[in-house]
Amino acid sequence: MSDRPASWRMPTPKQMEKLAKTMVNPPAKESPRGPQDPMPEEYWRSVLNDVPADAKPVARSAAPRLSDLPQHVLRVSCRRCERIVEIQKADAVRLYGQHAIWKEVGQRLLNNTCQSRTGRYEEDGCWPAFEPV
């Protein structure tokens with residue numbers, strides 16, 4: 001128990017007057033929108049301009065596509081096992097499409113014939129090095 005008076009819990013007369021005024025004339029609040037009310041213009045603009053969550057991000061990287069490469073023979077080597085894989089550009093386009101990214105194609109070529117499998121995800125597979133021919 002404390003020996004404080006009960007007045008510390010009560011508002012002062014000024015505070016009570018202020019509360020009474022706000023109770024008599026509450027500030028005007030915007031009424032919440034219901035399902036039958038029309039949606040504001042800003043809402044529809046934001047909905048139409050928003051990118052959907054399931055949309056695939058556009059690859060805007062500087063990675064060259066197969067169609068952009070000038071070489072006819074493409075070479076990728078592994079920095080780990082020193083293996084070299086070469087493929088003709090025409091074959092790569094036929095297998096993976098002309099819009100495929102060269103780094104992904106090279107990684108896939110190395111992984112298809114990888115001999116350095118440890119079983120650990122972090123260490124598994126080849127480490128590609130893309131070389132000009």
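What share of the 133 residues in the protein chain is buried? In this predicted model, the figure is 18%.

## Overall layout

Walk along the protein chain from the N terminus and you meet its elements in the order α-α-β-β-α-α-β. That makes 4 helices and 3 strands.

As for contacts, take those between residues at least 6 apart in sequence: 59% of them join residues at least 24 apart. On the outside, the protein chain exposes about 11400 Å², with carbon and sulfur atoms supplying 55% of that area.

## The nonpolar core

Nonpolar side chains tend to be buried together in soluble globular proteins. Here, the largest nonpolar core has 14 residues, and the ones with the most contacts inside it are Leu66, Leu74, Trp102, Val105 and Leu110. Strands β1 (73–78) and β2 (84–88) and helix α4 (102–112) each give two or more residues to this core. Helix α4 has the largest share, at 4 residues.

Leu66 is worth a look of its own. Setting aside residues up to four places away in sequence, Leu66 touches Leu74, Trp102 and Val105, among others. Its list of partners also includes Ala92, Val93 and Lys89.

## A buried lysine

Now for that lysine. Lys89 sits in helix α3, which spans residues 89–96. Lys89 is buried, yet it has no salt bridge. How far away is the nearest side chain of opposite charge? That side chain is Asp68, and it lies 7.7 Å from Lys89.

So what does Lys89 touch, leaving out residues up to four places away in sequence? The partners are Leu66, Ser67, Leu69, Gln71, His72 and Leu74. Two of these names, Leu66 and Leu74, also turn up among the core residues with the most contacts.

Definitions and conventions
Residues numbered from 1 in each chain as written. Predicted model: local features only at pLDDT ≥ 70, side-chain atom pairs only at ≥ 80, totals over all residues. Heavy atoms only, no water. Buried < 20%, exposed > 50% of the residue type's maximum accessible area, 1.4 Å probe, protein only. Contact = heavy atoms within 4.5 Å. Areas by Shrake-Rupley, 256 points an atom, 1.4 Å probe, with all protein chains shown as cover. Lys, Arg positive; Asp, Glu negative; His and termini not counted. Salt bridge = Lys/Arg side-chain N within 4 Å of Asp/Glu carboxyl O. Core = buried A, V, L, I, M, F, W, Y, C linked by side-chain atoms within 4.5 Å.
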